[in-house]
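Thank you for asking me to look over this model. My comments follow as numbered points, beginning with the overall make-up and then moving to individual elements and residues.

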Amino acid sequence: MGFYLRTTLKAGPFRFNLSPSGVGVSAGVPGFRVGTGPRGNYIRVAGLGTTYFGSPAPIPTSPGPQPSRPPVARTDEIVMQELSGTPVQHLVAAHPADLINQIQTAAQRRLLWPWIAAAVAMLALISAPYGLALLVPGLPAVWWFRQRDIARRSVVVFYQVDDAPAVKYERFAASNGFVSRIQRVWHVEAEGALSTPYQRKVNAGAGALIRRSTGSLDLAGPPVLVTNIAVPSLHGKEHSIYFLPDRLIVRHGRRYADLPYAAVNAHAQPQRFIESEAPPADAQCVGTTWQYTNKSGGPDRRFKHNRQLPIMLYGRLTLTSSDGLLTVWDFSQPDVAASLAEALNRMR
């Protein structure tokens, strides 16, 4: 995968173009477009070519609590420790960044076009058949509000890096985790030790119980970020990690924070897991156990429907920082977790 992928980005009705001379932006519809770029302001009309006028004005630039312990919850007398680390807002306070402020603002903007579309459709149905004439101005209005919403919820960033950090980032994006076809990823949300014999008996003899949600691994990046590079990403239900060339972005719900790679420690280790669901086909089975076990590890005959469960070998990736970041991910292939940890530590 090449580090530099695209020279043109779209955010709603706006088009951003990167050339050796600089960045230009334009807006319009097919056949008519106005914009500004390194050569000045321009109007482009189909069949008449491009007319330049004026020059772009200089754009002024401006310079861009203590962590708390994760809460403890009880589930059926098993103490579950949340593996969420420091709240995102504390990480933002520790590492303020203009990019995060823009992403946060864009992510919290609400969509208007679905409400406009619903209002137009309702008015057309209530006053039918004459109300169908409302669709003539209504549909273009819905399209315009949709383009407006996309533009307002987009943060456009061009990366043009050709030095040593770019080489490290390209190696990271091409690491085993993001180019291999791994079948299963989980975000580990909480973990609790099974301390009593009964707790271990009814949980297949395991030493700990975890709460997890299904995740994914891709090159999509944050949904509000429009950029010219592929952004390696780990996605969970409410938690995501995005790896940019110069920083790591953490998402929890609709809140974002970032950290420099120098502040992040990555650790990988094999993880034996008693799987109660259908195991992924690419994972290795290293043994079996029973859902209800006796002291010798055999099946407890006092329990009906006592099924045999596979013991799978997964890989666990743990990311931490001195500011309180804690995020844990399991992968169906241990070498993927190891490859990601190695590549992340090289980014420091």
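1. The protein chain contains eight helices and 20 strands, and the coordinates discussed here come from a predicted model. Of its 348 residues, 41% count as buried, while the accessible surface comes to about 19200 Å², with 58% of that area belonging to carbon and sulfur atoms.

2. On confidence, the mean pLDDT of the protein chain is 77, and 69% of the residues reach 70 or more. Over residues 50-75 the pLDDT is below 50, although this stretch still has 45 contacts in the model beyond its near neighbours in sequence. Where pLDDT is low, predicted coordinates should not be read in detail, and I would ask readers to keep that caution in mind.

3. Strand E10, which covers residues 185-193, deserves attention because seven of its nine residues are buried, so that the strand is largely enclosed by the rest of the structure. E10 is joined to strand E11 (residues 208-218) by eight bridges, the two strands running antiparallel, and within this pairing Glu 191 stands opposite Ile 210 of E11. E10 also pairs in the antiparallel sense with strand E20 (residues 326-331), here over four bridges.

4. Which residues stand across from Trp 186 in E11 and in E20? In E11 the bridge partner of Trp 186 is Thr 214, and in E20 the residue opposite Trp 186 is Asp 330. As background, the side chains of a regular strand alternate between the two faces of the sheet.

5. The pairing continues from E11 to strand E13 (residues 233-235), since these two strands are linked in the antiparallel sense over three bridges, with Leu 217 standing opposite Leu 234 in E13. Leu 217 also appears among the contacts of Ile 182, a residue taken up in the next point.

6. Is Ile 182, in the loop between helix H6 (176-179) and E10, buried or exposed? With a relative accessible area of 17%, Ile 182 is buried, the cut-off for that label being under 20%. Leaving aside neighbours within four places in sequence, Ile 182 is in contact with Leu 217, Asp 282, Phe 331, Ser 332, Gln 333 and Val 336. Of these residues, Gln 333 is 151 residues away from Ile 182 in sequence, yet their C-alpha atoms are 7.0 Å apart in space.

7. A second loop residue worth checking is Ala 204, found between helix H7 (197-201) and E11. Ala 204 has a positive phi of about 65 degrees although it is not a glycine, and Ala 204 is also buried, with a relative accessible area of 6%.

8. Among the helices, H3 (residues 113-126) and H4 (residues 135-152) pack at an angle of about 170 degrees, with their axes 8 Å apart. That angle makes H3 roughly antiparallel to H4, the label applying to angles over 145 degrees. At the place where they meet, H3 contributes Trp 113, Pro 114, Ile 116, Ala 117, Val 120 and Ala 124, and H4 contributes Leu 135, Gly 138, Val 142, Phe 145, Arg 146 and Asp 149.

Conventions:
Residues are numbered from 1 along each chain as its sequence is written. This is a predicted model: local features need pLDDT of at least 70, side-chain atom pairs count only at pLDDT 80 or more; totals for chains, interfaces and linings use all residues. Side-chain values use heavy atoms; hydrogens and water are left out. Buried means under 20% relative accessible area, exposed over 50%, partly exposed in between (1.4 Å probe, protein chains only). Two strands pair if DSSP finds at least two bridges between them. pLDDT is the predictor's confidence in each residue, from 0 to 100. Contact means heavy atoms within 4.5 Å. Accessible areas come from the Shrake-Rupley method with a 1.4 Å probe; for residues, only the protein chains shown count as cover. Axes are lines fitted to C-alpha atoms, for helices over the stretch in contact, and angles run from 0 to 180 degrees between N-to-C directions. Angles under 35 degrees count as roughly parallel, over 145 as roughly antiparallel, 65 to 115 as roughly perpendicular and the rest as oblique.
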